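Here is a walk through some helix packing, cores and individual residues. Have the sequence and the model open while you read.

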Amino acid sequence: MSVVQVENLEKNMAKLTVTVPADKLEKAIQEAYNKQKNSIRVPGFRKGKVPRAMIEKAYGPEVFYDDAANILVNEEYPDAMEESGLDIVSRPQIEVTQIEKGQEFIFEAEVAVKPDVTLGEYKGVAVPEMDISVTEEEVDADLEKTRNMQSRMVEVTDRAVEQGDTVVIDYEGFVDGKPFEGGKDENHSLEIGSHSFIDTFEDQIVGKNAGDAFDVNVTFPEQYHAKEMQGKQAVFKVVLHTVKVKEVPELDDEFASMVSEFETLAEYREDVKNKLQERKKDETRRKKEEAAVKKIVENSQMDLPDPMIDMQCDNIIQELVNRISQQGLSFQQYLQFTGLTREKLQEQVRPEAIQRIQNSLVLEKVAQVENLEATEEEVDAEIGKAAAAYGMSVEKMMEFVSEDGRDEMKKDLAIQKAVDFIMEHATEVSEENTAQDTANEAGAAES
């Protein structure tokens, strides 16, 4: 049986020393041999038939140590982590300190431990008053947005191109009389005034008519992404096929019945106003919650270990990778387009990572101090909501939720209860008073 020793280090770090019996090391070395034997060649033996002793004699007994160490660390670390009783919040930094045939296998794992929080004042936190009224202008803007969504493109044949029109063109670009890569397209749809093309390209189409063929002269920007094109003058041969204009429906009862369940524009307008009101309530509550938690974090003390922050940075970057992959971009492409490196991005997201960790720790502490816990019934209710969202039966959804999953849901529900508790005891103040309080605190800090 393996033995785990725990040594507490500074700044919420700890070191686990794991001693594994020699027979487990022997088993791992044999497993490593079984994995590698088909790729090792020794004269006089068929592929995969070389005895382990012969390989160790030819290459040294340490030939299988790296693989054996990986096998044992992957097997033993999860049990060691549980046996330690520590609340570990980082990936381990592993160092093998002893590996030799016939001897115990020993490795060390340096880890970050969840820091304790010394809570500052969390009851009666000042949050800014916010206006949640909806103006008629906001209603008009929402209606206009819906009108534009219901618009359609209509071909125009009796006039020249104007700003705001959409044209369909063929084009081919030339620099010094030679075509360049990426400078050609056919049946390209372009909104005039969108500034999606360089320089005055779009402006030079204004006044032209469907069927016209003409040249467009432009200069590439000095900071253009393709270095070989920076500052170059180019001529585009353009053929204008069609001119289209956006046709927006009239804002009337017919429009209301088309986009909603209401028969009149007045009823639809009132519904839009009510929904905007609810949206604004949700948004202002979120902002107040953020302000309250931020204030509590500022009033509290905690010492975050760097590996914990690094892991949160990695989580944020992975969220970014998932988002951009949905847009068809790889992470490497994103780095190229932004001019960032992984290290620079890591540094860029570090403040957000720290804020996330601080918020979570503070809310967990409030939940602990106030005995705010989620019941099994509340967890079941959350699973029921998830089942409804995915169109599944509750029983089927239950099968997908592990014990660890339920524990995570309990933790999330407790944190939300902590947020609710904080807001129930918060004090609303005018934005002027909030600004004055901030200024006073800044002055006190300077003095």
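Start with α10 (376–390) and α12 (403–424), whose axes come within 10 Å and cross at roughly 100 degrees. That makes α10 roughly perpendicular to α12, a label for angles of 65 to 115 degrees, with under 35 counted as roughly parallel, over 145 as roughly antiparallel and the rest as oblique. Axes here are lines fitted to C-alpha atoms, for helices over the stretch in contact, and angles run from 0 to 180 degrees between N-to-C directions. Helices (H or I, at least four residues) and strands (E, at least two) are DSSP runs, numbered from the N terminus.

This is a predicted model, so local features need pLDDT of at least 70 and side-chain atom pairs count only at pLDDT 80 or more, while totals for chains, interfaces and linings use all residues. Residues are numbered from 1 along each chain as its sequence is written, and side-chain values use heavy atoms, with hydrogens and water left out.

Which residues meet where α10 and α12 come together? On the α10 side they are Glu376, Glu378, Val379, Asp380, Glu382 and Ile383, and on the α12 side Arg406, Met409, Lys410, Leu413 and Lys417. Contact means heavy atoms within 4.5 Å. By class, this contact has seven charged residues, four nonpolar and no polar. For the classes, Ala, Val, Leu, Ile, Met, Phe, Trp, Tyr, Cys and Pro count as nonpolar, Asp, Glu, Lys and Arg as charged, and the others, Gly among them, as polar.

Now look at α6 (residues 265–299) and α9 (residues 342–369), whose axes come within 10 Å and cross at roughly 85 degrees. These two helices are therefore roughly perpendicular to each other as well. Val293, Ile296 and Val297 of α6 make the contact with Gln358, Asn359, Val362 and Leu363 of α9. Here the split is five nonpolar residues, two polar and no charged.

Two of those α9 residues, Val362 and Leu363, turn up again in the largest nonpolar core. A nonpolar core is a set of buried Ala, Val, Leu, Ile, Met, Phe, Trp, Tyr and Cys residues joined through side-chain atoms within 4.5 Å. The largest one holds 41 residues, and the members touching the most other members are Phe331, Tyr334, Leu345, Leu361, Val362, Leu363 and Val366. Helices α6, α7 (306–326), α8 (331–338), α9 and α12 each put in at least two residues, and α9 gives the largest share, with nine. In soluble globular proteins, nonpolar side chains tend to be buried together. What does Tyr334 touch, not counting residues up to four places away in sequence? Its contacts are Leu320, Ile324 and Leu345. There is also a second, separate core of 29 residues, with Tyr33, Val42, Ala80 and Val113 among its members.

Next, a handful of single residues. Buried means under 20% relative accessible area, exposed over 50%, and partly exposed in between (1.4 Å probe, protein chains only).

| Residue | Location | Relative accessible area | Class |
|---|---|---|---|
| Thr284 | helix α6 | 9% | buried |
| Lys24 | helix α1 (residues 22–36) | 33% | partly exposed |
| Pro179 | strand β8 (residues 178–191) | 52% | exposed |
| Lys11 | loop between β1 (3–8) and β2 (13–20) | 61% | exposed |
| Asn371 | loop between α9 and α10 | 65% | exposed |

Take Thr284: a polar atom of its side chain lies 2.9 Å from the backbone oxygen of Lys281. Setting aside residues up to four places away in sequence, Thr284 touches Met130, Asp131 and Ile132.

Lys24, with the same kind of neighbours left out, touches Ser2, Leu72 and Glu76. Its side chain makes a polar contact with that of Glu76 (3.1 Å); a polar contact is a pair of N or O atoms within 3.5 Å, and within protein one must be able to donate a hydrogen and the other to accept it, with residues adjacent in sequence counting only if both atoms are side-chain atoms. The C-alpha atoms of Lys24 and Leu304, 280 residues apart along the chain, are separated by 36 Å.

For Pro179, the C-alpha atom is 9.4 Å from that of Ala234, 55 residues apart along the chain. Beyond its neighbours within four places in sequence, Pro179 is in contact with Glu172, Gly173 and Phe174.

Finally, the backbone at two loop residues. Most residues other than glycine have a negative phi. Lys11 is not a glycine, yet it has a positive phi of about 55 degrees. Asn371, also not a glycine, has a positive phi of about 55 degrees.
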